[in-house]
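Student: I am new to this structure and would like a close look at a single part of it. Could you walk me through one helix and what surrounds it?

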Amino acid sequence: MDGTALHAIEIAGRQLEACWAGLSLSGWDATPLPNILSPRQLAEHLCDCYRAAIAALKGESHDWGTYRLS
């Protein structure tokens with residue numbers, strides 16, 4: 001993977017960790033407004049995006065919507 005892309009993903013990860021620090025277990029599934037993703041849904045979507053980007057950099061395809069937090 002390109003060093004610049006990896007660096008950008010690492011920075012995004014640290015920013016997300018800071019945003020979600022202290023979030024309660026029930027907060028992960030809270031949707032504060034209609035049509036807005038919960039923190040869990042957002043994390044899954046972003047992980048799916050990162051996995052797709054890594055696959056694209058390797059010349060591979062990605063099966064969208066398959067990533068789930070356990």
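Tutor: Happy to help; what follows is a tour of helix α1 and its surroundings.

A word on the ground rules comes before the details. This is a predicted model, in which local features need pLDDT of at least 70 and side-chain atom pairs count only at pLDDT 80 or more, while totals for chains, interfaces and linings use all residues. Residues are numbered from 1 along each chain as its sequence is written, and side-chain values use heavy atoms, with hydrogens and water left out.

Let us set the scene with the whole chain. Its secondary structure comes to 2 helices and 0 strands; helices (H or I, at least four residues) and strands (E, at least two) are DSSP runs, numbered from the N terminus. Along its principal axes, the C-alpha trace spans about 35 × 25 × 20 Å. The chain has 70 residues, of which 16% count as buried. Here buried means under 20% relative accessible area, exposed over 50%, and partly exposed in between, with a 1.4 Å probe and protein chains only.

Now to α1 itself. This helix covers residues 3–20, which makes 18 residues. From the first C-alpha to the last, α1 reaches 26 Å, close to the 26 Å expected at 1.5 Å a residue; the expected span is 1.5 Å times one less than the number of residues. Ala12, Leu16 and Trp20 are the buried residues to look for in α1. Seen down the helix axis, the buried residues of α1 fall within an arc of 60°, so they line one face of the helix. That arc is taken from the directions from the helix axis to the C-beta atoms. Turn the helix over, and the face away from the buried side carries the exposed residues Gly3, Thr4, Gln15, Glu17 and Ala18.

Another residue to find in α1 is Glu10, which is partly exposed with a relative accessible area of 41%. Glu10 and Trp20 are 10 residues apart in sequence, and their C-alpha atoms are 15 Å apart in space.

What lies over the buried face? The cover of the buried residues of α1 includes α2, residues 39–57. That second helix has 19 residues and reaches 27 Å from its first C-alpha to its last, close to the 27 Å expected at 1.5 Å a residue. In α2, the buried residues are Pro39, Ala43, Glu44, Asp48, Ala52 and Ala55, and they pack against α1.

Leu16 lets you see this meeting of helices at one residue. Leaving aside its neighbours within four places in sequence, Leu16 is in contact with Leu46 and Tyr50, where contact means heavy atoms within 4.5 Å. The C-alpha atoms of Leu16 and Ala43 are separated by 8.6 Å, although these two residues are 27 residues apart along the chain.

Next, follow the chain out of α1. The helix is followed by Gly22, whose phi is positive, near 80°. Further along, in the loop between α1 and α2, you come to Asn35. Its phi is near 65°, a positive value in a residue other than glycine, and Asn35 is exposed with a relative accessible area of 83%.

The loop also takes part in a charged pairing. A search of the whole structure finds 1 salt bridge, defined as a side-chain nitrogen of Lys or Arg within 4 Å of a carboxyl oxygen of Asp or Glu. Asp29 forms this salt bridge with Arg40, with the closest N and O atoms 2.6 Å apart. Asp29 lies in the loop between α1 and α2 and Arg40 in helix α2, so the pair ties together parts that are 11 residues apart in sequence. Asp29 is partly exposed at 47% relative accessible area, and Arg40 is partly exposed too, at 24%.

Finally, a look at the cysteines. The structure holds 0 disulfides, a disulfide being a pair of cysteine sulfur atoms within 2.5 Å. The sulfur of Cys19 is 14 Å from the closest cysteine sulfur, in Cys47, which is too far for a bond. Cys49 is in no disulfide either, and the nearest cysteine sulfur, that of Cys47, is 9.2 Å away. As for their surroundings, Cys19 counts as exposed at 60% relative accessibility, whereas Cys49 counts as partly exposed at 25%.
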